[in-house]
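Dear colleague,

Please find below the structure for your review. My notes on its charged side chains and on one pair of packed helices follow it.

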Amino acid sequence: MLNWEQLQGRETDYLRSVLAHELLHIATRGVTGPFVPTFVEEGLAEHVAQSQDPSRLAFLEDEIAAGRFDGRLPRDFEFLTGDGLDIYRSYQESLAAIDFFAERFGESRLARFYLRLGGVEFAAGTSEYQVGRALERTVGRDYAAFEQAWADSI
């Protein structure tokens, strides 16, 4: 869903970024299962949409400098609750996590991780558990180890 009023008068690069983000959601819809958490979905969309923007994590860098980084991957509810800055922080943390994954393990493993995680349609366990299983099978780390390595990299 695009907020066209918000997009009017914006520069072309911003519009491309928004469209790339939203089109990635459409393109991955067929392989996104119920256990794909919001941080993976939104982080991947931001990763693709903002790949050419060198200042894409400037807000998160300011948050870290101000001591507002908790070292946790955002939970689904954090994309829906709080004020606009809280929600934007969740998007920034998601982008940072997916950027970290791609830089550390490569884009092809990122794609395999997403496909493996999205392929889980019915299984016991929480979304976090399923993310951990997909991480272990793709890069040999569980959820906690990935989260810690990501937080340490920031």
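Searching the whole of this predicted model yields eight salt bridges. One of them joins arginine 56 to aspartate 99, with the closest N and O atoms 2.9 Å apart. This pair links distant parts of the chain, 43 residues apart: arginine 56 sits in the loop between H3 and helix H4 (58–65), whereas aspartate 99 belongs to helix H5. Both arginine 56 and aspartate 99 are buried.

A salt bridge also connects arginine 72 with glutamate 78, at 3.1 Å from N to O. The two partners fall into separate exposure classes because the cut-off for buried is under 20% relative accessible area: arginine 72, at 28%, is partly exposed, while glutamate 78, at 18%, is buried.

Glutamate 147 and arginine 75 form a further salt bridge, with an N to O distance of 3.7 Å. Glutamate 147 is part of helix H8 (residues 143–153) and arginine 75 lies in the loop between H4 and H5, so their salt bridge ties together parts 72 residues apart in sequence. Here, too, the exposure classes can be stated: glutamate 147 is buried, at 13% relative accessibility, and arginine 75 is partly exposed, at 24%.

In addition, salt bridges link Glu63, Arg68, Asp86 and Arg89 in a network.

Which side chain of opposite charge is nearest to glutamate 93? It is arginine 89, 5.3 Å away; glutamate 93 is buried yet has no salt bridge. The cut-off for a salt bridge is a nitrogen to oxygen distance within 4 Å. Glutamate 93 is located in helix H5 (residues 84–105). Setting aside neighbours within four places in sequence, glutamate 93 is in contact with Leu60, Phe69, Asp70, Arg72, Pro74 and Trp150. Arg72, named among these contacts, is the residue that forms the salt bridge with glutamate 78.

I turn now to the helix pair. Two packed helices are described by the angle between their axes and the distance between the axes. The axes of helix H3 (residues 38–49) and helix H6 (residues 107–118) come within 12 Å and cross at roughly 150°. The crossing of H3 and H6 is left-handed. On the H3 side the contact is made by Val40, Glu41, Leu44 and His47, and on the H6 side by Glu107, Leu110, Phe113, Tyr114 and Leu117. By class, the contact of H3 with H6 comprises six nonpolar, one polar and two charged residues.

With kind regards

Methods: Residues numbered from 1 in each chain as written. Predicted model: local features only at pLDDT ≥ 70, side-chain atom pairs only at ≥ 80, totals over all residues. Heavy atoms only, no water. Axes fitted to C-alpha atoms, helices over the stretch in contact; angles between N-to-C directions. Helix = DSSP H or I, 4+ residues; strand = E, 2+ residues; numbered from the N terminus. Left-handed = near helix turned anticlockwise from the far one by under 90°. Contact = heavy atoms within 4.5 Å. Nonpolar A, V, L, I, M, F, W, Y, C, P; charged D, E, K, R; others polar. Buried < 20%, exposed > 50% of the residue type's maximum accessible area, 1.4 Å probe, protein only. Lys, Arg positive; Asp, Glu negative; His and termini not counted.
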